[in-house]
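Please take a moment to look over the sequence and the model before reading on. The paragraphs that follow move from one residue to the chain as a whole, and then into its interior.

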Amino acid sequence: MAGPALATHSGSGLNLLNFAEQKIKMLHLTWFAFFLTFVIWFAHAPLLIHIKQALALTDAQIKALLILNVAITIPARIVVGMLVDRYGPRIMYSLLLFISALLCIGFAFAQTYDALALFRFLLGFVGAGFVVGIRLVGEWFPHHQVGTAEGIYGGWGNFGSAAAAMTLPALALAFGGADGWRYAIGTVGVISAVYALVFYKFARNTPKGSVYFKPKKTGAMLVSSWGALWGLMLMNIPMHLALAMLAWRLSPAGVNLFSTDMMYVLWGVLLLLFIVQTQQTWHINADHLRAGVPEADKYSFKQVGILNIAYFATFGSELAVVSMLPLYFLETFEGLSAVKAGLLASGFAFMNLVSRPMGGWFSDKFGRRKSMLILIGGLAAGYFLMGLMDSHWWIPLAVLATMACSFFVQAGEGAVFAIVPLIKRSMTGQIAGMAGAYGNVGAVVYLTVLSYVSYSMFFYVIAASALVGLVAVMFLDDPKGHITEVGEDGTVHRINVG
């Protein structure tokens, strides 16, 4: 528990040990739910060698599993974002944890590669859990603490992937035998199912006496102007293109999971879904805009678009770099074992525990826009420095450069989600879902780039794209004053955001 992000006194600091305070209880309850979703999502990663042996899988089949693991997360975050705004985080997190538990157990005891691949594909759904907690934490914390609280939620929850890597191989060994890995992954599913019930019993959508605001319509994000409507429809395109790219990577041009004909079928389905989504978005918003948007319902969609771009560069690059960093260290520096390379690379994800809360705290303390500019600028410089690394570097210096870069990456993520709850309370789930989906889009794009270029060029491409994010953030508005929401009884409520 380092740094001012976790301070125990006044200002934007939080006393995380004050369990008498209901919002602190809620924060701990929620970050642990998110932590469990990440343990489930990445439970297979440290056990891949056992899974490969048990089912006699090829390298291509293993690569296909890794791609399938993230495929459904992009649409899932959008859909879950809408559902959490409509039905509330308490019921949505409980359902998500319980359904994911069943899928996790299904994956653990799959006897064929087809079953294994299907469950891995469906488990991408668990990656949408992040969106649920963003709305819940945003409901419980005031504007001067929300960045810190969201950072703790995100950073400590993200640590679930590292926790899986650290504990599951030992658990599999403890169970013993050829099926030890199955029981280890199955245990995670059982814990998630139990925690779903715990969460449902103890979580509350809002503090006592507060109103849970819902969007007026469901089915598409509501916007406040015609320009914003065009912007929303344009921002839907990259998400479909990323899914098309994943289909291509699963075709014979990539890991050969299915035929080229199947890829074309999937592309056709994605095009049809895009047309249907665009029509739905237009239909819901056109009626809304023609009727005239009341002042209390207006918000700036520009803010949403800028945060999407920022999260593309921050979380997108983190997902991509975490995926390739162990191999990068192994191939760049002579004399490293696979275990040592993995340990050195793990520093990147490990930083989440402190970096993301610090990013939220910076945002609370020093201003939203200024923090984002500094952190994304640092991210661009960090990746440029990583691009300069080669086999002649002293290994401790390379690790230090990597961890410094990861600090800016993850603190930048914390700064993005310090702003998300301050745009439009009734649509926080949808805004978080879209930004979160853009993080996954970034990962798909960056990893596709990596398949064509050298490691150094890969880091330079991320640095260059981060500069695009930096330009976008220059147009961000600092949340100030109040935002307004209208209750179901027509009462207008003013929410302080800065």
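Does Ala 54 count as buried, partly exposed or exposed, and what is its relative accessibility? In this model, which is predicted, Ala 54 has a relative accessibility of 42% and therefore counts as partly exposed, since that class lies between the 20% under which a residue is buried and the 50% over which a residue is exposed. Ala 54 has its place in helix H2, which is made up of residues 48-55. Although Ala 54 and Asp 179 are 125 residues apart along the chain, their C-alpha atoms are separated by 8.1 Å.

From this one residue we can turn to the chain as a whole. Its secondary structure comes to 19 helices and two strands. For 498 residues the globule rule gives a radius of gyration of 23 Å, and because the value for this chain, 22 Å, is close to that, the chain is as compact as a globular protein of that length. Taken along the principal axes, the box that the C-alpha atoms fill is roughly 65 × 50 × 45 Å. Of the 498 residues, 55% count as buried, and among the contacts between residues at least 6 apart in sequence, 81% join residues that are at least 24 apart.

The chain is divided into two domains, with domain 1 covering 21-219 and domain 2 covering 293-497. Their centres, taken over C-alpha atoms, are separated by 20 Å, and the contact between them takes 36 residues from domain 1 and 39 residues from domain 2.

Where does the largest nonpolar core lie with respect to domain 1 and domain 2? This core has 168 residues, and those with the most contacts inside it are Met 372 and Tyr 383. Helix H13, which spans residues 301-332, gives the most to the core, with 16 residues. Because domain 1 and domain 2 both give residues to this core, the core lies between them. Around Tyr 383, once its neighbours within four places in sequence are left aside, the residues in contact are Ser 317, Glu 318, Val 321, Phe 348, Cys 405, Val 409, Phe 459, Ile 462 and Ala 463.

Aromatic rings offer another way to follow the chain, and a search of the whole structure finds 35 aromatic pairs. One of them joins Tyr 93 and Phe 199, whose rings are 5.3 Å apart from centre to centre with 65 degrees between their planes, an edge-to-face arrangement. This pair links distant parts of the chain, for Tyr 93 belongs to helix H5 (residues 89-108) and Phe 199 to helix H10 (residues 180-202), with their positions 106 residues apart in sequence. Tyr 93 counts as buried because its relative accessibility is 0%, and Phe 199 is likewise buried, with a relative accessible area of 0%. In the pair formed by Trp 361 and Phe 366, the ring centres are 5.7 Å apart and the planes stand at 90 degrees, so this pair is edge-to-face. Here Trp 361 is buried, with a relative accessible area of 11%, whereas Phe 366 is partly exposed, with a relative accessible area of 44%.

Some aromatic residues also come together as a group, since Phe 34, Phe 38, Trp 41, Phe 42, Phe 130, Tyr 153, Tyr 311, Phe 315 and Phe 417 form one aromatic cluster. Other rings meet a charged side chain: the charged end of Arg 90 sits over the ring of Tyr 200, 3.9 Å from its centre, and Arg 120 lies over the face of Phe 107, at 4.4 Å from the ring centre.

Two further residues complete the tour. Arg 425 is found in the loop between helix H17 (395-419) and helix H18 (428-450), and Arg 425 is buried, with a relative accessible area of 11%. Leaving aside its neighbours within four places in sequence, Arg 425 is in contact with several residues, including Arg 135, Glu 139, Phe 213 and Glu 485. Val 445 lies in helix H18 and is partly exposed, with a relative accessible area of 25%. Apart from neighbours within four places in sequence, Val 445 is in contact with Met 245 and Phe 312, while the C-alpha atoms of Val 445 and Ser 259, which are 186 residues apart along the chain, are separated by 22 Å.

Note on methods: Residues numbered from 1 in each chain as written. Predicted model: local features only at pLDDT ≥ 70, side-chain atom pairs only at ≥ 80, totals over all residues. Heavy atoms only, no water. Phe/Tyr/Trp six-rings, centres within 6.5 Å; stacked < 30°, edge-to-face > 60°. Helix = DSSP H or I, 4+ residues; strand = E, 2+ residues; numbered from the N terminus. Buried < 20%, exposed > 50% of the residue type's maximum accessible area, 1.4 Å probe, protein only. Lys NZ or Arg CZ within 6 Å of the ring centre and 35° of its normal. Core = buried A, V, L, I, M, F, W, Y, C linked by side-chain atoms within 4.5 Å. Domains from an automatic or database assignment. Contact = heavy atoms within 4.5 Å. Rg over C-alpha atoms; globule rule 2.2 N^0.38 Å.
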